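Dear colleague,

I am handing over the structure below, and I would be glad if you could look it over alongside the notes that come after it.

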Protein chains: 2
Amino acid sequence: MAKIEKISPLAPNYFPDFPEIGGVELSTVAAGLKYKGRDDVLCVHFPMGATVAGVLTRSKTASAPVRQCRVNLATGKQARAMLVNSGNSNAFTGKAGDLAMMSTISALGTALGCEKEEIYVSSTGVIGVVLDDKKINAHMGDLVDNLSPRNWEIAARAILTTDTFAKGAVRRAKIRGVDVKINGFAKGSGMIAPDMATMLAYVFTDADLPQNIFQAILADATDKSFNAITVDSDTSTSDTLLAFATGAAHVGHDINDMNDPALAEFRAAFLDLLLDLAHQVVRDGEGATKFIEIKVTGAENNPAAKVIALSIANSPLVKTAIAGEDANWGRIVMAVGKAGEAADRDSIVITIGGQKVTQKGMAVSGYDEAACTKHLQGQNIIITVDVGIASGEATVWTCDLTHGYIDINADYRS
Amino acid sequence: MAKIEKISPLAPNYFPDFPEIGGVELSTVAAGLKYKGRDDVLCVHFPMGATVAGVLTRSKTASAPVRQCRVNLATGKQARAMLVNSGNSNAFTGKAGDLAMMSTISALGTALGCEKEEIYVSSTGVIGVVLDDKKINAHMGDLVDNLSPRNWEIAARAILTTDTFAKGAVRRAKIRGVDVKINGFAKGSGMIAPDMATMLAYVFTDADLPQNIFQAILADATDKSFNAITVDSDTSTSDTLLAFATGAAHVGHDINDMNDPALAEFRAAFLDLLLDLAHQVVRDGEGATKFIEIKVTGAENNPAAKVIALSIANSPLVKTAIAGEDANWGRIVMAVGKAGEAADRDSIVITIGGQKVTQKGMAVSGYDEAACTKHLQGQNIIITVDVGIASGEATVWTCDLTHGYIDINADYRS
């Protein structure tokens, strides 16, 4: 395994303070699945139950835990617990992997007194090695004993793999005058692309929402956040985003429409938290030295704009040019062209760092290339492209492609 | 520009001997468009005319020359000449670029006495800089004076940009007992992906074929060759494959079906030549140290197999693992999963270098990882994946992703 000792240069300065959320308890243990000297198993307990919403990888080779989450979500039942391990994804491990997972679910169910379909599971790490359920089950007593409403940061750390920093975000909002809290944490730094764009992310709130509305809010916010980021266009077999609502703030179930104005502030805060986490995942992109925002406007419609934006964001030639701090807008034109969506060559307007570099189908005569280069020498790069067809728009985020990515991935057995 | 002094380790040992082809004359000059001390303009003359078939980039921001080729092909007329320059792609240069191109076409038309729709053009190199037509037109006399049926190798060299070696291939076949020759050359090493998978490739034959049959043969062979290779998943704005048939071997026009058995040997030789050129393009992939063949079987149908094969071939995680000589089959599973085509997790069989590494949804117990690693330490890597659904199959070719790719592209203004 490559030695990753340096924290990403794009990391935030601190991990936020997490408030307690009524009805959520967390604990971690060091089961020694792969890593030494750190916790690698997380348990979250919802003593009063929690409404669950989820978005899972669309991979056709999804891991056993992802398949189990799908089964649970389909029941519509409340969640009672979640079990996450790092160091082993238990993906592509056949029937033996399924059995190992079920063994841990049974053990936790016995320890907490709940049914297996009330327990959500995630695993992240190496593909193709059967999960060692005995190592996890040996610590079930500790996991239950350690449960506390304060263990947020150690929870966020227990799920990391190649990540160079823990990723957390907190928000607050009012629903009909009642304060609700939203806490979230995530992990992921490679194999990052829609859909889903992170390997694991969990969000917790004390809002009280019907399951169908909570799922709709999650799906909508995911499209604008985790499904709008890409590091290397690769999609994991384990991508999981789960959101749990305990209802401890007692808002009441009287909201039956996700577009009810009473939810506007909550939805904005929820999306903002997901964006924060998704951006942190990009900022920990393997080898990343620059955080890149790409906004496409003027497309045939919003989905077309997203296709174009992702074509730019996933282009190795664009990503290496930005790594080299080269204002190579020709490669952006190339990426617009290969996207396959309508674009009017003679109307495309590209800006880099706010400066217009192309219009009327060619470079802007005498544009200030030095100013472009200076912008590219910074850590936060902003590129906009108007393709001149209609009014569709989308924004996506990515990072540059550097020697660091090769170093990490030509070596690490993931 | 990065200094590329080393020839790709995957280059063939020699450039083949090209026979003369009746009705084809070639010349080159050094116009100084970008490169110093080398020829950068190629002229091909067909004094008796030639039937033309073509496959062009599907980019929505295609260059002026690509657009012009489309116009010419639509006329169905015979070609009389071709003009190619390297160092400037004249792509995304607006109306000024169109005018510069037309100026060179007019000058060549006057010099050779032919119409503009009989002249095919290609440009390759930097995007976004208007072609300096005066530099080319100043050499029209030399281009006409230098025409010779023997100038194949210097022609292949004049069209190169970041390529580290010239790419040529020759084949022979019989059509109804008559010997016909096929010569081809190509350039391209980055921005390589379907469709098209090379920036420029030209094929010449003295066979006499109706245009519609020649076009059908080219399209079919392109699907199995240039559209089955990928270096970095990026598609150029200038990709052009043109094939010219002079008819000098006098085979006769009495073949009206591309599936006529009389064409079987010719079609096989034609495909073999295109494969040879396409593989040479991959072998010159930027930073490439390994040539990788990926064969997918057992898919729902042939197109689905190709989608899965390209998903594997384009995965940065698979490509970096191979660069690192790591038998990381988990990433192959990931790439199968993200392709979105049907795959049965528990039936997937992956082989590396002929050795089975997975079956029944997990690793083959006790497979010889050392033998896999030894295979990956070689230059020619063969991976097969059976996805266990039906009988669709496809083979694609790619190269590994290395520090060399980053070196070249974080620096080169293409």
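What follows concerns a helix pair in chain B and a sheet in chain A. Please keep in mind throughout that this is a predicted model.

I begin with the helices of chain B. Helix α6 (residues 211-223) of chain B packs against helix α7 (residues 264-283) of chain B at an angle of about 45°, and their axes are 9 Å apart. Because of that angle, α6(B) counts as oblique to α7(B), and the crossing in which α6(B) passes α7(B) is right-handed. On the α6(B) side the contact is made by Ile217(B), Ala221(B) and Thr222(B), which meet Arg267(B), Phe270(B), Leu271(B) and Leu274(B) of α7(B). Sorted by class, the residues of this contact between α6(B) and α7(B) are five nonpolar, one polar and one charged.

I turn next to the sheet of chain A, which is open and consists of seven strands in the order β8-β15-β10-β14-β11-β12-β13, with mixed pairing. At its edges stand β8 (229-230) and β13 (362-363) of chain A, each with a single partner strand, so that one side of each has no neighbour in the sheet. Within the sheet, strand β11 (residues 349-352) of chain A pairs with strand β14 (residues 380-386) of chain A in the antiparallel sense, over four bridges, and Ile350(A) has Val385(A) in β14(A) as its bridge partner. Helix α7 (residues 264-283) of chain A packs on this sheet, where it touches β8, β10 (291-299) and β15 (392-399) of chain A, and its direction makes about 45° with that of β15(A).

With best regards

Definitions and conventions. Residues are numbered from 1 along each chain as its sequence is written. Chains are lettered from A and ligands numbered from 1 in the order in which they are written. This is a predicted model: local features need pLDDT of at least 70, side-chain atom pairs count only at pLDDT 80 or more; totals for chains, interfaces and linings use all residues. Axes are lines fitted to C-alpha atoms, for helices over the stretch in contact, and angles run from 0 to 180 degrees between N-to-C directions. Helices (H or I, at least four residues) and strands (E, at least two) are DSSP runs, numbered from the N terminus. Angles under 35 degrees count as roughly parallel, over 145 as roughly antiparallel, 65 to 115 as roughly perpendicular and the rest as oblique. A crossing is left-handed if the near helix is turned anticlockwise from the far one by less than a right angle, and right-handed if clockwise. Two residues are in contact if their C-beta atoms, placed from the backbone, lie within 7 Å. Ala, Val, Leu, Ile, Met, Phe, Trp, Tyr, Cys and Pro count as nonpolar, Asp, Glu, Lys and Arg as charged, and the others, Gly among them, as polar. Two strands pair if DSSP finds at least two bridges between them.
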